[in-house]
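Visitor: Could you take me through this chain, from its charged pairs to its backbone and one of its helices?

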Amino acid sequence: THPTSDASAAAKARSAAQHKLIKRLLVDAGMNDRTNQIHLKPGLGIFPQTMEKVMGKLKENKGLKVSPEYLAEKHHFQYGSPWAMGRAHVELIKRLGLQTNHTLLEIACGSLRSGVHYIRFLDPGHYFCIERDEYSLRAGIEYELPLHDLLRREPNLLLDAHFSLSRFKPHALFDVVTAMAVFIHLDKEQQALALRRIVQRLKPGGMLVVSHMPPLSTSGTSRGRTGGSGGSTSDTASATAAMNRRLLAEFRLRYMGSVDMEPFFSKGP
């Protein structure tokens with residue numbers, strides 16, 4: 001059987017088993033498929049509020065040591081998919097072979113939507129991430145890490161927009177690098193820079209997992225004009241092609257495509 005078919009069948013089986021457990025818990029708790037809607041009835045101690053109201057009340061507290069926006073979890077809504085997708089990504093990477101003693105680099109880790117799960121799973125000091133948006137990374141450091149009691153697990157976090165992996169501790173190499181929805185936001189020069197820096201830091205046989213992959217040209221036959229530094233676009237194309245050949249030959253490249261949030265989407269039979 002095809003590995004993809006086996007993985008799909010296994011995912012459906014897990015989802016079906018999870019939904020059976022959820023249904024049993026609902027029944028044991030005295031709940032059926034309908035809600036009593038107490039949360040909508042006034043005077044019963046449940047008062048739905050908007051995020052703006054929550055943040056407004058938090059701002060009245062002068063003793064806060066963290067942004068009211070972080071406490072209201074506004075950063076959870078900055079992604080193009082639900083916050084729970086972070087765990088789905090991590091579970092998939094684990095099924096692709098991630099081990100607790102591996103070192104992992106997450107490109108564009110945001111507010112640690114996936115990071116909190118990686119940090120808990122990996123050995124202390126084995127999680128690395130790079131993020132260009134300060135608001136997002138601050139939310140991860142000031143709110144998510146304390147919330148999940150992960151500050152002492154020594155994550156390596158870097159605010160940087162130029163893939164400056166050399167700023168991590170010397171000679172840090174990675175077993176796994178993930179880049180979710182990264183390359184789709186980069187121009188060709190940035191894509192080449194990112195791949196070059198990643199290849200320099202991947203261990204032999206290491207794995208690069210992407211959700212969007214730029215075309216990997218392996219021929220450097222492009223003709224181009226001479227640049228101001230004395231090089232030419234054809235030289236750049238040749239160097240990029242050589243790097244791409246090395247990426248394809250020496251490392252494991254995995255394309256994720258779309259990922260279901262088990263057990264929420266794949267309900268199984």
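The conversation below concerns a predicted model, and it turns from salt bridges to loops and then to a helix.

Visitor: How many salt bridges does the count come to?
Guide: Side chains of opposite charge can pair when their charged atoms come close. In this predicted model, a pair is counted when a side-chain nitrogen of Lys or Arg lies within 4 Å of a carboxyl oxygen of Asp or Glu. By that rule the count comes to 6 salt bridges.

Visitor: K94 and E91 meet in a salt bridge; which helix holds the two residues?
Guide: The side chains of K94 and E91 meet with a nitrogen-to-oxygen distance of 3.3 Å. K94 is partly exposed at 29% relative accessibility, and E91 is partly exposed as well, at 25%. Because they stand 3 residues apart in one helix, about one helical turn separates them, and that helix, covering residues 85-95, is α4.

Visitor: In the salt bridge between D160 and R167, what is the distance from N to O?
Guide: The partners differ in their surroundings, since D160 is buried with a relative accessible area of 11%, whereas R167 counts as exposed at 53%. Their side chains nevertheless meet in a salt bridge, and the distance from N to O is 3.0 Å.

Visitor: K203 and D175 also form a pair; how many residues apart in sequence are the parts that it ties together?
Guide: The closest N and O atoms of K203 and D175 are 3.3 Å apart, which places the pair within the 4 Å limit for a salt bridge. K203 lies in strand β5 (residues 202-210) and D175 in strand β4 (residues 174-179), so the pair ties together parts whose separation in sequence is 28 residues.

Visitor: Is D175 buried or exposed?
Guide: K203, its partner in the salt bridge, has a relative accessible area of 27% and is partly exposed. For D175 the relative accessible area is 16%, and because the cut-off for burial is under 20%, D175 counts as buried.

Visitor: Which residues do salt bridges that share partners join into one network?
Guide: Where salt bridges have partners in common, they link residues into a network. Here there is one network of this kind, and its members are E134, R138 and E142.

Visitor: In which loop does F163 lie, a residue with a positive phi?
Guide: Most residues other than glycine have a negative phi. F163 nevertheless has a phi near 55°, and at 11% relative accessibility F163 counts as buried. The loop that holds F163 is the one between β3 (156-159) and β4.

Visitor: What is the phi of A108?
Guide: A108 lies in the loop between β1 and α5 (115-121), where A108 counts as partly exposed at 37% relative accessibility. Although A108 is not a glycine, its phi is positive, at about 65°.

Visitor: At which residue does α6 bend?
Guide: Helix α6 (residues 134-147) has 14 residues and reaches 19 Å from its first C-alpha to its last, close to the 20 Å expected at 1.5 Å a residue. Even so, the helix bends by about 30°, and the residue at the bend is G140.

Visitor: Which elements do the buried residues of α6 pack against?
Guide: The buried residues of α6 include L137, A139, G140, Y143 and L145. Just after this helix, D149 takes a positive phi of about 55°. The elements against which the buried residues of α6 pack are α3 (68-71), α5, β2 (127-131) and β3.

Definitions and conventions:
Residues numbered from 1 in each chain as written. Predicted model: local features only at pLDDT ≥ 70, side-chain atom pairs only at ≥ 80, totals over all residues. Heavy atoms only, no water. Helix = DSSP H or I, 4+ residues; strand = E, 2+ residues; numbered from the N terminus. Buried < 20%, exposed > 50% of the residue type's maximum accessible area, 1.4 Å probe, protein only. Expected span 1.5 Å × (residues − 1). Bend = angle between axes of the 7 residues up to and from the residue. Contact = heavy atoms within 4.5 Å.
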